[in-house]
Amino acid sequence: MKIDYQAIYEKLAKQNGVTPQQVREDMAQAIRQAYENPKDEETKWFQKQVPCKGQIPTPEEMMDFVSQCCSENENQSFFVS
């Protein structure tokens with residue numbers, strides 16, 4: 001499944017009164033902060049599961065991973081503890 005990232009950024013931007021670029025930058029910053037300061041070992045484990053080209057995934061890489069997890073586990077509570 002091909003994700004239309006720009007459409008996602010545009011929809012979120014419109015909902016929040018910002019630009020699509022600001023949405024992407026905010027997402028990237030949140031991901032970067034989470035990777036630089038994981039709160040526990042479970043978080044570190046989860047982060048290692050996300051495939052990415054660099055040390056920290058891009059917003060697009062993160063959305064791909066989460067989308068894939070949701071598709072594979074649509075009837076399971078993968079993200080709920």
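**Exercise 1. State how much of the protein is buried, and describe its surface.**

Solution. Buried residues make up 26% of the 81 residues in the protein. Here buried means under 20% relative accessible area, exposed means over 50%, and partly exposed lies in between (1.4 Å probe, protein chains only). The model is a predicted one: local features need pLDDT of at least 70, side-chain atom pairs count only at pLDDT 80 or more, and totals for chains, interfaces and linings use all residues. Residues are numbered from 1 along each chain as its sequence is written, and side-chain values use heavy atoms, with hydrogens and water left out.

Now the surface. The accessible surface of the protein comes to about 6,300 Å². Carbon and sulfur atoms hold 50% of that surface. Such areas come from the Shrake-Rupley method with a 1.4 Å probe; for residues, only the protein chains shown count as cover.

**Exercise 2. List the secondary structure and find how contacts spread along the chain.**

Solution. Step 1: count the elements. The protein has four helices and zero strands. Helices (H or I, at least four residues) and strands (E, at least two) are DSSP runs, numbered from the N terminus. Step 2: read along the sequence. The pattern is α-α-α-α.

Step 3: turn to contacts, meaning heavy atoms within 4.5 Å. Take the contacts between residues at least 6 apart in sequence. Of these, 44% join residues at least 24 apart.

**Exercise 3. Find the salt bridges and place each partner.**

Solution. Step 1: recall the idea. Side chains of opposite charge can pair when their charged atoms come close. Step 2: apply the rule. A salt bridge is a side-chain nitrogen of Lys or Arg within 4 Å of a carboxyl oxygen of Asp or Glu. The count comes to two salt bridges.

Step 3: take Glu60 and Arg24. Their side chains form a salt bridge at 2.8 Å, N to O. Glu60 lies in helix α4 (residues 59–72) and Arg24 in helix α2 (residues 20–36), so this pair ties together parts that are 36 residues apart in sequence. Glu60 is buried, at 17% relative accessible area. Arg24 is partly exposed, at 25%.

Step 4: take Lys44 and Glu41. The closest N and O atoms of this salt bridge are 3.3 Å apart. Both residues lie in helix α3 (residues 41–49). They are three residues apart, about one turn of the helix. Lys44 is partly exposed, with a relative accessible area of 34%. Glu41 is exposed, at 57%.

**Exercise 4. Describe the aromatic pair.**

Solution. Step 1: know what to report. A pair of aromatic rings is described by the distance of the centres and the angle of the planes. Rings of Phe, Tyr and Trp (its six-membered ring) pair if their centres lie within 6.5 Å; planes under 30 degrees apart count as stacked, over 60 as edge-to-face and the rest as tilted.

Step 2: search. The whole structure holds one aromatic pair. Phe46 and Phe65 form this edge-to-face pair, 5.5 Å centre to centre, with 70° between the planes.

Step 3: place the rings. Phe46 sits in helix α3 and Phe65 in helix α4, so the pair ties together parts that are 19 residues apart in sequence. Phe46 is partly exposed, at 23% relative accessible area. Phe65 is buried, at 8%.

**Exercise 5. Work out what surrounds Glu61.**

Solution. Step 1: locate the residue. Glu61 is in helix α4. Glu61 is buried, with a relative accessible area of 17%.

Step 2: check the charge. Glu61 has no salt bridge; the nearest side chain of opposite charge, Lys53, is 5.7 Å away. For this check, Lys and Arg count as positive and Asp and Glu as negative; His and the chain ends are not counted.

Step 3: look at backbone nitrogens. That of Lys53 lies 3.0 Å from a polar atom of the Glu61 side chain. The Glu61 side chain also reaches the backbone nitrogen of Thr58 at 2.8 Å.

Step 4: list the contacts. Leaving aside neighbours within four places in sequence, Glu61 is in contact with Val50, Pro51, Cys52, Lys53 and Ile56. Glu61 and Val50 are 11 residues apart in sequence and 7.8 Å apart in space, C-alpha to C-alpha.

Notes:
A polar contact is a pair of N or O atoms within 3.5 Å; within protein, one must be able to donate a hydrogen and the other to accept it, and residues adjacent in sequence count only if both atoms are side-chain atoms.
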